[in-house]
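This report introduces the structure shown below to a reader who is meeting it here for the first time. It begins with a single residue and then turns to the wider architecture.

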Amino acid sequence: MAWFKRSTKGIFTSTEDKKEAPDGVWNKCPNCKKALHYSEQVEHKYVCQYCDYHLRVGSKEYFEIFFDDNAFAELFGNLTSGDPLNFTDTKSYKNRLVESYKKTGLKDAIRAAHGKIDGQDLVIACMDFSFIGGSMGSVVGEKIARSIDYCIEHKIPFLMISKSGGARMMEAAFSLMQMAKTSAKLALLSKAKIPYISLLTDPTTGGVTASYAMLGDINIAEPGALIGFAGPRVIKETIKKDLPKGFQTSEFVLEHGFLDFIVDRREIKNKLSTFIRIMNN
Ligand SMILES: [Zn+2]
């Protein structure tokens with residue numbers, strides 16, 4: 001039975017010779033598998049410098065990318081979810097929320113803030129995928145609605161950064177109502193002639209795609225992002241046909257007329273700031 005016995009030692013490095021890297025300093029690019037140092041990631045706006053893969057980041061990083069000197073005032077930061085349905089799946093929704101607060105340090109799957117982009121006022125609402133899959137519940141909808149009211153009151157352009165698995169099932173119909181609420185508020189913003197820019201990042205799906213993410217005066221996306229309503233597997237099983245290559249990527253969605261342009265994250269601040277300058281004049 002020699003075949004399952006290890007004849008040579010697998011690891012030769014003794015403990016004192018091992019090189020330790022503190023947690024989070026190095027990250028592997030999910031696409032090309034090359035190691036990316038944290039300081040390089042910051043420098044390249046969290047885009048892999050080898051293969052241009054756009055790493056998934058959250059509101060902290062997007063605020064840092066867009067706002068001048070990373071200075072901003074957070075808006076409506078104290079809103080938290082209730083549990084209107086007393087919902088339980090594998091665990092109770094209340095517990096799931098408490099665990100998510102601890103794990104992410106966030107209050108829900110979105111943060112809104114007012115700051116400056118190249119000296120011009122801008123309100124950004126940015127979703128966080130790390131908080132229950134970036135799911136849209138009543139807090140997400142309410143923060144977007146209040147941000148829009150704030151933009152109308154102060155006459156400031158609104159940038160929405162979407163990153164979501166869709167509606168939050170633990171709030172069921174309350175989540176779905178957010179689609180109508182945010183869409184109605186965006187209509188008011190449009191009436192007030194205030195620019196609304198929607199940025200779709202990887203992934204943007206479900207009820208988010210079916211409401212505010214696709215309602216921008218301009219709809220833009222990061223390269224290679226998954227953008228769709230239902231997932232590819234569900235669609236394939238429903239229509240019983242193979243899906244075209246590149247289905248539901250930003251590039252595919254652009255080609256089919258649902259996006260205005262795709263923009264590299266390293267150039268996005270510059271492009272949006274120019275766009276806002278044109279719209280403000
Ligand atoms: Zn890479």
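## A residue at the sheet edge

In this predicted model, F261 is part of strand β9. F261 counts as exposed because 11 other C-beta atoms lie within 10 Å of its own, whereas a residue is called exposed at 12 or fewer. The C-alpha atom of F261 is 6.8 Å from that of A221, although 40 residues separate the two along the chain.

## The sheet

Strand β9 belongs to an open sheet of seven strands with mixed pairing, in the order β3-β4-β5-β6-β7-β8-β9. At its edges are β3 (72-75) and β9 (261-262), each of which pairs on one side only. In general, the strands of a sheet pair through backbone hydrogen bonds, in either a parallel or an antiparallel manner.

The pairing at the β3 edge is antiparallel: four bridges connect β3 with β4, which comprises residues 110-117. Within this pair, A73 is found opposite H114 of β4.

## Helices against the sheet

Helix α2, formed by residues 59-66, packs on the sheet and touches β3, β4, β5 (120-127) and β6 (158-164). The direction of α2 makes an angle of about 160° with that of β5.

Helix α9, residues 268-280, lies across β4, β5, β7 (196-204) and β8 (218-221). Relative to β5, helix α9 runs at about 125°.

## Two domains and an annotated region

The domain assignment divides the chain into domain 1 (23-55) and domain 2 (56-280). The C-alpha centres of domain 1 and domain 2 are 23 Å apart. Their contact involves six residues of domain 1 and 10 residues of domain 2. On the side of domain 1 that touches domain 2, three residues are nonpolar, two are polar and one is charged.

An unreviewed UniProt entry annotates residues 29-51 as "zinc finger region: C4-type". In the model, the C-alpha atoms at the two ends of residues 29-51 lie 9 Å apart. This span is 26% helix and 13% strand.

## The chain as a whole

The secondary structure of the chain amounts to nine helices and nine strands. Its C-alpha trace extends over about 75 × 45 × 45 Å along the principal axes. Of the 281 residues, 35% count as buried. Among contacts between residues at least 6 apart in sequence, 66% join residues at least 24 apart.

Notes
Residues numbered from 1 in each chain as written. Predicted model: local features only at pLDDT ≥ 70, side-chain atom pairs only at ≥ 80, totals over all residues. UniProt positions renumbered as here; feature names shortened; annotations may be inferred. Pairing = 2+ DSSP bridges. Contact = placed C-beta atoms within 7 Å. Axes fitted to C-alpha atoms, helices over the stretch in contact; angles between N-to-C directions. Domains from an automatic or database assignment. Nonpolar A, V, L, I, M, F, W, Y, C, P; charged D, E, K, R; others polar. Buried ≥ 20, exposed ≤ 12 C-beta atoms within 10 Å, placed from the backbone.
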